[in-house]
Amino acid sequence: MGHVHNAFSMKPSFVHIFQSALTMMLGAAFIISVHAQNVPSLDPDGNGLYEAAERKALLDFLQAQYPSAKAEGVFDADGDGTVTLEEMIAGRHPLQQVIGADFLAQPAAVPWAVDVFPEWIMTAYTREDVAAGGVAVLPARGNFPIAGAQPDTALQPRKAADGGIEFAADSGQFIQMDGHRDARWSYRWLVMTFKIDGVTGSGGETVLLDINHPFKGDGPGRSSPKVWFDKAGGTVSVQYTGRGKQGLDRRVLSSKAVVADGKTWNVLVAGMRQGRMFAALNGVAMAADREQLPRYSSVMVGDKPVPADCASFIGDSRKTGSAWVLDALFLGQSELSEAMVKKLSGWGAHRLSVAARLPAGHPWREARPVVDAEDFPRRYFHDDAKWTEWLASNPKEVTRAHSGGPRVLPQGFERVFYDDFRTSRLTPSTSGEGDLWQAFGFNVAVGGSASLIEPGNAIDAYPYDAVNQWQILALAPQGKRFRGSAIYSVNDMGQGYVWAGPKVFRIRCKFPKIEEKAVPAGLFPAFWSYGTELLFWRTSNRIENDWWEFDGKGPRWMNGMSTHFHYPHVKNIHVKQNESYQRAKIFGASMTEEKTRIPGGIYVWDGEFHTWEFIVDRDWTYVNVSVEGADGETWYELWRCHTAPTYLEPQDLQLDYALSKTGAPPVGQRQDFIVDFVEVLQKSEDLARVSAPFTVRPALTVSGGVARCEANVAGVSDLRYYWFADGYPLTYNASAEHPLAPADAGKIIRCMVKAVGFRDQPEAWSDGVPAPR
């Protein structure tokens with residue numbers, strides 16, 4: 001029951017299974033009806049998985065059709081007439097990132113499979129991987145394969161020679177797997193194919209799947225996801241459990257669409273998408289037992305890679321369950337679009353010859369799914385040569401040529417976010433309760449030697465100054481040590497405020513006045529961003545942009561505009577490098593007058609507010625700072641550089657106060673990072689642009705104290721509405737209406753709609769409408 005962290009270190013039979021799934025996904029992804037007559041039979045056994053020989057045929061076809069696939073060279077490296085997943089993937093960019101543009105320009109009707117592009121799959125189990133007889137070991141495939149086991153022969157389910165894995169009624173048969181600490185990210189969705197005999201078994205409930213089942217008690221992230229059958233109600237239910245303001249945030253969706261005759265296969269697809277749960281059973285949407293909360297977050301399970309206080313189970317150890325049969329279970333990363341949910345339902349139905357049971361009008365009722373645009377989500381594509389070229393284009397002669405000169409003003413930008421901390425809106429990032437700043441974020445290492453602490457503790461690292469309306473991040477004393485602070489614009493699941501493309505980030509902040517010689521070593525405040533792709537694709541390298549950080553090397557030392565392409569969270573063969581790429585730093589020096597050409601230089605522990613401005617345009621990025629003087633505020637340019645591709649990626653905003661290993665303040669002496677406001681601007685031309693599924697820009701009306709937004713979308717229903725008053729973020733949720741407060745009177749109300757049920761979750765902005773006074 002131990003982890004195998006590399007699916008390709010498994011025995012050949014296990015690899016074959018995972019490879020089959022991958023081939024299947026590839027086949028589907030490349031099959032589009034436009035050229036169906038030209039596509040050979042790529043999955044001749046029709047099991048919806050691509051075995052190694054089928055994968056070779058698939059890749060041969062793709063290379064014959066698309067130059068980008070041809071350029072990848074020989075896949076069958078050993079010439080044995082098959083292509084393993086390792087041969088297809090290792091040392092290359094993921095194929096779906098390489099061929100997407102070519103394929104969509106001239107699509108071909110390639111049969112789709114859940115494993116056609118295997119990067120989606122984190123952990124999976126299929127009947128093809130198991131020999132007939134008692135199941136002592138359940139092999140796993142995927143990026144994070146966790147094999148299951150049942151050493152007790154009396155409790156082993158049995159694999160039928162020509163069928164699935166059978167769990168007998170009243171038998172207590174089950175398979176046990178290690179718990180998975182990062183299930184909240186790795187298992188954002190599942191597809192499970194099974195049949196169940198609802199008249200068997202002496203009990204009323206049969207658990208089919210229970211991920212991270214706690215040995216004692218309960219908690220967020222436990223039994224999440226969980227699937228069970230209720231005999232009395234004739235229903236199948238799915239559960240995800242997060243953390244809410246009042247404790248557990250338990251989401252349950254149920255359906256009577258199950259066929260419980262013990263003979264008919266069922267297809268279940270479920271998951272979480274931008275804070276709300278979705279599920280479909282046999283292509284029919286499942287219903288919630290109560291209104292879902294607008295946001296969702298959860299915790300990592302346990303404090304070790306393999307949690308000691310929980311385990312995962314397929315089957316019900318209670319000897320009261322109904323007889324049931326497992327065909328396949330896939331648990332995956334990323335958030336599924338509505339179209340991909342339908343595709344998975346269609347895949348399972350055609351794999352098991354029950355497509356006729358899909359509801360009328362289902363897009364894959366009559367034909368097996370094919371590869372299409374859903375298989376090519378927008379991802380960051382790292383070009384190492386261009387990265388090196390970009391870095392070489394930014395010598396000091398370029399970046400500091402205008403240092404100390406007048407500020408470069410943003411051109412063509414407008415405000416989209418402005419928080420002046422008029423009230424404290426800070427909640428734990430592991431909870432779904434908050435709708436603005438979240439603490440302390442998903443990276444526990446950010447605090448350095450001052451371990452991070454959540455808000456709401458007796459040790460307050462997030463004091464709020466209500467008189468001046470300042471948010472303070474502190475290094476808070478705890479005995480002889482300190483606790484650090486960090487706030488993010490997203491929660492741990494990636495819900496919140498994220499900005500892509502050209503943008504302007506501003507922060508106005510100060511630090512208490514300290515004589516330069518007395519500044520304690522090790523103080524490490526920072527204003528920075530993470531690319532959010534890693535929260536959804538755990539196999540992606542992590543993007544980090546440090547707009548500025550004072551990293552404890554000296555009272556004037558600054559690291560500015562450093563950008564990183566870090567290691568992925570899960571080591572895998574889908575990335576070209578599992579270790580971090582070299583970081584690129586635009587400015588790293590003491591901000592003396594000599595270095596900055598600003599009179600007196602920049603010294604931030606002067607007790608004065610400075611406004612820092614980062615203008616990220618398409619070609620150039622400019623960094624400006626304000627300095628208070630006798631004649632008021634004066635702006636200066638600090639440096640500029642050619643814009644790195646990583647600067648333009650979707651990213652959050654983060655502020656933190658950490659402590660480096662170079663020193664520490666005197667015991668008991670709190671250090672403050674005082675923030676007056678944070679502001680974000682984006683290009684007006686980008687805000688005016690719309691793409692599918694939006695037909696035109698959202699339309700906003702304000703009347704009777706209520707703002708209403710017509711999203712103007714086609715072919716998608718799962719939407720999120722972000723509400724703003726003069727740029728101040730009011731809230732975000734799934735409601736197309738927002739009641740306005742008296743404080744909103746006279747302000748310009750805007751709504752940004754995020755089509756979360758559509759591929760890549762595109763956004764569109766309404767025009768601004770003044771709220772009546």
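Unusual backbone spots

Let's start in the loop that runs between β9 (205-214) and β10 (226-230), since that is where P225 sits. Keep in mind that we are looking at a predicted model. What is the peptide bond from S224 to P225 like? It is cis, with omega near 0 degrees. That catches the eye because most peptide bonds are trans.

There is another cis bond to visit further along the chain. Head for the loop between α12 (684-687) and β36 (699-703), and you'll find P693 there. The peptide bond leading from A692 into P693 is cis too, this time with omega near 10 degrees.

Now for a second kind of oddity, this one about phi. Most residues other than glycine have a negative phi. Go back to strand β9 and look for N212, which has its place there. N212 isn't a glycine, yet its phi is positive, at about 60 degrees. Is N212 buried or exposed? Its relative accessible area is 0%, and since buried means under 20%, N212 counts as buried.

M561 tells a similar kind of story. Look for M561 in strand β29, which covers residues 557-568. M561 is not a glycine either, but it has a positive phi of about 55 degrees. And how accessible is M561? Its relative accessibility is 0%, so M561 is buried.

So, if you want to trace these spots yourself, pick out P225 and P693 in their loops, then N212 and M561 in their strands.

Methods
Residues are numbered from 1 along each chain as its sequence is written. This is a predicted model: local features need pLDDT of at least 70, side-chain atom pairs count only at pLDDT 80 or more; totals for chains, interfaces and linings use all residues. Side-chain values use heavy atoms; hydrogens and water are left out. Helices (H or I, at least four residues) and strands (E, at least two) are DSSP runs, numbered from the N terminus. Buried means under 20% relative accessible area, exposed over 50%, partly exposed in between (1.4 Å probe, protein chains only).
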